[in-house]
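Welcome! Here are some short exercises, each followed by a solution that goes step by step. Have the structure open beside you as you work.

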Amino acid sequence: MASVRSVTRFLLGKNLFSGNIVPASNSGFVKFYSAAPAYENIKIDVVGSKKNVGLIQLNRPKALNALCKPLFVELGKAVVDFDNDNSIAAIIITGNEKAFAAGADIKEMQNNTYSLNQKGGFLREWEDIGNCGKPIIAAVNGFALGGGCELAMLCDIIYAGEKAKFGQPEINIGTIPGAGGTQRLPRYVGKSKAMEIVLTGNFIDAQEAEKMGLVSRVFPVDKLLEESIKLAERIGTHSPLIVKLAKQSVNQAYETQLKAGLQFEKSIFYGTFATEDRKEGMTAFVEKRAPNFKNE
């Protein structure tokens, strides 16, 4: 079928960089602050009614937000900066209506060698995303393929627009997913589904992705960012310290055996009883009032 192979070739191959793709409109996105740090491949802003949500928009529209190294360096810096900002409760990463990110920049890696990848620590920049202590929401419209799908899975929650497409088409260009696709995907959708996606390179739509557990919720395209900000704001009503500990504990389930994970969870649970926010939260519940959490 002209399908996957031809579409993948278009998205990941030379046509992606020919300059013939019309940039997708950014309508529906918030107006970005002019005072934000100058980036070439991303845009950042602080949004939400309390200005406590960090928003990062991948911004290579002519290349369908292909994930080149400069983009990832900027993305990592933006994530680290938001993570270190006590006024930010959660972070959203998004693209445009046509593409969240259509994959890696194939021209950039075409002439890489095994030795070069090993010595240079290829894809090392991705670690800044995985090491973030605050919740990261992927707001996915359009294509999330290859590295784009892996970036979405690197986030803590995935919300999708109804026209989103996910996939790991690396098999079509003679390689495999290299930024977590073969490891995170089976944990989200199970071995059989993951094998089908990775070994065929087939795409899945937003509705199927939600059904198999890859995506939390699906929204109309023009409502996706709005709903993602609402989610981030809801998370922001809770204790920042406890949110961070809860994220660590859930992530541990994907990184260890059940017994060790249960032990880790118990230690974190016990640890919350040493915090003022735990005391305030329970006291407020008993007193039937809203809690006043510290920004720890």
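**Exercise 1. Decide whether serine 228 is buried or exposed, and find what its side chain touches.**

Step 1: Serine 228 has a relative accessible area of 0%, so it is buried (buried means under 20% relative accessible area, exposed over 50%, and partly exposed in between, with a 1.4 Å probe and protein chains only).

Step 2: Place the residue: serine 228 belongs to helix H10, residues 224–235. Helices (H or I, at least four residues) and strands (E, at least two) are DSSP runs, numbered from the N terminus.

Step 3: Look for a partner. A polar atom of the serine 228 side chain lies 2.9 Å from the backbone oxygen of leucine 224.

A note before going on: this is a predicted model, in which local features need pLDDT of at least 70 and side-chain atom pairs count only at pLDDT 80 or more, while totals for chains, interfaces and linings use all residues. Residues are numbered from 1 along each chain as its sequence is written, and side-chain values use heavy atoms, with hydrogens and water left out.

**Exercise 2. Trace the salt bridges around glutamate 226.**

Step 1: Recall the rule: a salt bridge is a side-chain nitrogen of Lys or Arg within 4 Å of a carboxyl oxygen of Asp or Glu. By this rule the structure has 10 salt bridges.

Step 2: Glutamate 226 meets lysine 223 at 3.7 Å, N to O. With relative accessible areas of 35% for glutamate 226 and 37% for lysine 223, these residues are partly exposed.

Step 3: Glutamate 226 also forms a salt bridge with lysine 230, the closest N and O atoms being 3.6 Å apart. Both residues of this pair lie in helix H10, 4 residues apart, which is about one turn of the helix.

Step 4: Put the pieces together: salt bridges that share partners join Lys223, Glu226, Glu227 and Lys230 into one network.

**Exercise 3. Find the salt-bridge partner of lysine 247 and say where each residue sits.**

Step 1: The partner is aspartate 156, with the closest N and O atoms 2.9 Å apart.

Step 2: The pair links distant parts of the chain, 91 residues apart: lysine 247 is in helix H11 (residues 240–252), and aspartate 156 is in the loop between helix H6 (147–154) and strand E7.

Step 3: Check the cover. Lysine 247 counts as buried at 12% relative accessibility, whereas aspartate 156, at 31%, is partly exposed.

**Exercise 4. Work out which strands pair with E7.**

Step 1: Strand E7 spans residues 157–161, and 4 of its 5 residues are buried.

Step 2: Strand E5 (residues 136–140) pairs with E7 in the parallel sense over 4 bridges; two strands pair if DSSP finds at least two bridges between them. Here alanine 138 has isoleucine 158 as its bridge partner.

Step 3: E7 also pairs with strand E10 (residues 217–219), again in the parallel sense, over 3 bridges. Alanine 160 has valine 218 as its bridge partner in E10.

**Exercise 5. How many disulfides does the structure hold?**

Step 1: A disulfide is a covalent bond between the sulfur atoms of two cysteines. The test is a pair of cysteine sulfur atoms within 2.5 Å.

Step 2: The closest cysteine sulfur to that of cysteine 132 is in cysteine 155, 9.3 Å away, too far for a bond.

Step 3: The count is 0 disulfides.

Note on methods
A polar contact is a pair of N or O atoms within 3.5 Å; within protein, one must be able to donate a hydrogen and the other to accept it, and residues adjacent in sequence count only if both atoms are side-chain atoms.
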